[in-house]
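Thank you for making time for this. I would like to walk you through one protein chain, beginning with the overall picture and then stopping at a handful of individual residues.

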Amino acid sequence: MTRGLTEITVVGEDDTGLIAEVTSLLFERSINIEDLDQAVREGVFRMTMRVDTSEMVTTESKLREDLTELGDELGVDVQVRFPADRETQTIAVLVTKESHCLEALFEAWANGDLGADIEVVIGNHDDLAPLAAKYDVPFHDIGDEKGTPDEQQLLDLLAQYDADLIALARYMRILSPDVVFRYESRIINVHPSLLPAFPGASAYMQAIEEGVRIAGVTAHYVTTDLDQGPIITQRAFNVPDDATEEELQQIGQPLEAEALIEAIKLHLNDEVTVHRGRTKLRDPEETDVQLGAPEKLDQLNPDRPIDGLGEFVAEDDGEVEADD
């Protein structure tokens, strides 16, 4: 969310006239729309607007009330997020059974390195409830005996805790458009591969089966397209010969936690922006961050030869076809 702007999200069944109804209400209250984006997925409509409410001719509570009433009339859910006035931002963490990312988040928080408070942990199993209890953080189990989550309960909890960011710390369930659309660009996931390679389940095993020499992990924004959201940070590692899936997990899991925390910090500090599906640093010269491989790798890579910079360059401008 861009600081200083109010975010309005509309989610519901797709219907004609929705955009006009909402934008007209804002215009009547002298609210300027800075950005508007809409999408439809699986019959679910989503519109996200970032608006300037600094000169609006109404109060925050009245605007929220009016938008809620309009949403009820149109049969859609309307959420309003005004620029936060709290000093410390908050995080909701979603988990399943793997503990390494949650443990790293808690350690960073306890050491004062996270830059935000962890308000709640939500899981589709209760395995990590003791870890949350250790840090005195509420834990909610929303899964049934098979781990199938109750998404309405999830939405209720996310609304209740009103977190600035949702971190998927190896949450092994796909979020529906109903959830993703309500928290556009506010959900960060970490995936055990160098996306876009090996999306979905069992990414480390996919790497082994494909015989890659280099694998890695990726922290990215969550979209309705599985593991295809804008990439924020990545880490890479060599794949040992005859490595097992468990051995790759042991190598990759510390990097998963590192990449996730790096991405979270960038988001919370408003140091990263998304444009046309690609993330960019707002001020790369002033941001000390490791987005990908360590800088020392650049020093190890050869810097020549490069086309046209050799001692002898053919003067023939025609293209030469390589032998098959």
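**A walk along the chain**

Let me start at Phe 198, which sits in the loop between E9 and H7. What you have on the screen is a predicted model, and in it Phe 198 has a positive phi of about 60 degrees although it is not a glycine. Is Phe 198 buried or exposed? With a relative accessible area of 16%, Phe 198 is buried, because the cut-off for that word is under 20%.

Staying in that loop, which runs between strand E9 (187–191) and helix H7 (203–210), we also find Pro 196. The peptide bond leading from Leu 195 into Pro 196 is cis, and its omega is near 15 degrees. There is also a cis bond between Arg 304 and Pro 305, with omega about 5 degrees, and Pro 305 belongs to the segment that comes after helix H9 (295–300).

Let me now step back to the chain as a whole. The protein chain contains nine helices and 13 strands, and its C-alpha atoms fill a box of roughly 70 × 55 × 40 Å along the principal axes. Of the 324 residues, 42% are buried. If we take the contacts with a separation of 6 or more, 65% of them are between residues 24 or more positions apart in the chain. The accessible surface comes to about 18200 Å², and carbon and sulfur atoms contribute 44% of that surface. As for charge, the chain carries 25 positive and 70 negative charges, and the mean positions of these two sets are 3 Å apart.

With that in mind, let us turn to the strands. His 220 is in strand E10, and at 2% relative accessible area His 220 is buried. Which residues does His 220 touch, once those up to four places away in sequence are set aside? Its partners include Ile 187, Ile 188, Asn 189 and His 191, then Leu 195, and also a group made up of Asp 227, Gly 229, Pro 230, Ile 231 and Ile 232. Between His 220 and Thr 287, by contrast, there is a C-alpha separation of 18 Å, with their positions 67 residues apart along the chain.

Following E10, in the loop between strand E10 (214–221) and strand E11 (231–238), we come to Leu 226. Leu 226 counts as partly exposed, at 42% relative accessibility. Apart from neighbours within four places in sequence, Leu 226 is in contact with Ile 174 and Gly 200, and the C-alpha atoms of Leu 226 and Gly 200 are 7.0 Å apart although the two residues are 26 apart in sequence.

Another strand residue worth a stop is Thr 90, in strand E5 (residues 89–95), which is buried with a relative accessible area of 6%. Leaving out neighbours within four places, Thr 90 is in contact with Ala 116, Asp 117 and Glu 119, and with Asp 162, Ala 163, Asp 164 and Leu 165. One of those partners, Asp 162, is found in the loop between helix H5 (151–161) and strand E8 (165–168). Asp 162 has a phi near 50 degrees, which is positive in a residue other than glycine, and Asp 162 is partly exposed at a relative accessible area of 37%.

Now for the helices, and for H8 in particular. How far apart should the ends of H8 be, at 1.5 Å a residue? Helix H8 (residues 245–268) has 24 residues, so the expected span is 34 Å, and the end C-alpha atoms are 33 Å apart, which agrees. Even so, H8 bends by about 35 degrees at Gly 252, and a proline, Pro 254, follows within four residues. After H8 comes Asp 270, with a positive phi near 55 degrees.

I will finish with Pro 130, which lies in helix H4 (residues 129–134). Pro 130 has a relative accessible area of 55% and is therefore exposed, since the word is kept for values over 50%. Pro 130 is 38 Å from Ser 61, C-alpha to C-alpha, and the two are 69 residues apart in sequence.

Technical notes. Residues numbered from 1 in each chain as written. Predicted model: local features only at pLDDT ≥ 70, side-chain atom pairs only at ≥ 80, totals over all residues. Heavy atoms only, no water. Helix = DSSP H or I, 4+ residues; strand = E, 2+ residues; numbered from the N terminus. Buried < 20%, exposed > 50% of the residue type's maximum accessible area, 1.4 Å probe, protein only. Contact = heavy atoms within 4.5 Å. Areas by Shrake-Rupley, 256 points an atom, 1.4 Å probe, with all protein chains shown as cover. Lys, Arg positive; Asp, Glu negative; His and termini not counted. Charge placed at Lys NZ, Arg CZ, Asp CG, Glu CD. Expected span 1.5 Å × (residues − 1). Bend = angle between axes of the 7 residues up to and from the residue.
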